[in-house]
Amino acid sequence: SQSSIGLRYKYYVKNIYKYKFINNSNQIYLYEELPLLKNETIGLNYKRVLGENSTISFSYQNEIYSKSFYFPYYYGDDSNYNLDGETILWSSPNTSISSILYNTKFNNHQLLFGVDYINQSYSSANIFESNNIDIQTESIFGEDDTKKMSETAIFILDNFEYNDIEFNLGARWNYHSQYKTRISPSVSLMK
C-alpha cells in the first residue's frame, strides 16, 4: 500500500493606511480608524491506497480570520492628531472542515463514499472609546456576541456506464444546526 501526507500553512496580514489632507493646517494625517486584516489557515491531508481499486483520504482545515482596527489617536486629542494609538480586535470568524473520502471500484461502478463536518463560529465585539463609555465602532451583532453553527454531511456517488451512456447517481444527507436535515439526490446522464 502507498500513503501520502500533505501539510499547508498560510499566514496573511494586511494593514490599510488611509490619509486625509487638512487644508487649514496644510498637513496630511492618518484617518481615525484603520483596518488591520489577518488570515491564518492550516490544512492537513492524508491519503492511502488500499489495494488496486480503492483509496481512503482524510483532510482537515482550520481558518481563522480577524479584523481589527488601529486607532492612531485613541488616547490622544483628535484635534491635535498626536499619535498615541491602539489596535483593537473587532471580529473573528473561525471555520474548521474535516472530511473522510473512500473511493473504490466494484465491477464497472466507481463508488465514492464521504463524510464532511464543518464547524463555524463568528465573534464580534463593540469597540469603546478610551473612556470605556462611548461606543466607537459597533459590533456586527449590535453587542458582544459569538454565533456558532455546524453542518454534517454523508454522501455517496456512483459513476458507471451502460449502453454507451455514462450515469452519475448520488445522494447527500445534510444536518445543519440551524436549518436541520435535508436529503439531496442527484442524477446525471452523459452520452
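This report walks through the fold, the strand pairings and a few unusual residues of one predicted chain.

## Overall build

Start with the secondary structure: the chain has twelve strands and zero helices. Read from the N terminus, then, the elements go β-β-β-β-β-β-β-β-β-β-β-β.

What about the overall dimensions? The C-alpha trace covers about 80 × 35 × 30 Å along its principal axes. The radius of gyration is 26 Å, whereas a compact globule of 191 residues would come in near 16 Å.

## Surface, burial and charge

Of the 191 residues, 25% count as buried. The accessible surface adds up to about 12,800 Å², and carbon and sulfur atoms account for 53% of that.

On the charge side, there are 16 positive and 21 negative charges, and their mean positions sit 9 Å apart. As for contacts, take those between residues at least 6 apart in sequence: 52% of them link residues at least 24 apart.

## The β5, β6 and β7 strands

Strand β6 (residues 86-106) pairs with strand β5 (residues 54-71) in the antiparallel sense, through 16 bridges. If you want a spot to look at on screen, try Tyr70, whose bridge partner in β6 is Thr87.

Now follow β6 onward to strand β7 (residues 109-124): these two also run antiparallel, joined by 16 bridges. Here Thr104 faces Leu111 of β7. β6 and β7 make a hairpin with two residues between them, and Asn107 in that turn has a positive phi of about 55°.

## The loop between β5 and β6

Tyr73 belongs to the loop that connects β5 and β6. Is this tyrosine buried or exposed? Tyr73 counts as buried because its relative accessibility is 4%, and the cut-off for buried is under 20%.

Tyr73 and Gly85 are twelve residues apart along the chain, yet their C-alpha atoms are separated by 5.0 Å.

## A shorter hairpin: β2 and β3

Closer to the start of the numbering are strand β2 (residues 19-22) and strand β3 (residues 27-30), an antiparallel pair held by four bridges. Lys20 is the residue opposite Tyr29 of β3. Four residues lie between the strands of this hairpin, and Asn26 adopts a positive phi near 55°.

## Other positive phi values

Most residues other than glycine have a negative phi, so the exceptions are worth a look. One of them is Asn163, which is not a glycine but has a positive phi of about 50°. Where does Asn163 sit? Asn163 is in the loop between β10 (145-162) and β11 (165-176). With a relative accessible area of 58%, Asn163 is exposed, since the cut-off for that label is over 50%.

Lys180 is another non-glycine residue with a positive phi, this time about 70°. Unlike a loop residue, Lys180 is found in a strand, namely β12 (residues 180-190). Its relative accessibility is 46%, so Lys180 counts as partly exposed.

Key:
Residues numbered from 1 in each chain as written. Predicted model: local features only at pLDDT ≥ 70, side-chain atom pairs only at ≥ 80, totals over all residues. Heavy atoms only, no water. Rg over C-alpha atoms; globule rule 2.2 N^0.38 Å. Buried < 20%, exposed > 50% of the residue type's maximum accessible area, 1.4 Å probe, protein only. Contact = heavy atoms within 4.5 Å. Areas by Shrake-Rupley, 256 points an atom, 1.4 Å probe, with all protein chains shown as cover. Lys, Arg positive; Asp, Glu negative; His and termini not counted. Charge placed at Lys NZ, Arg CZ, Asp CG, Glu CD. Pairing = 2+ DSSP bridges.
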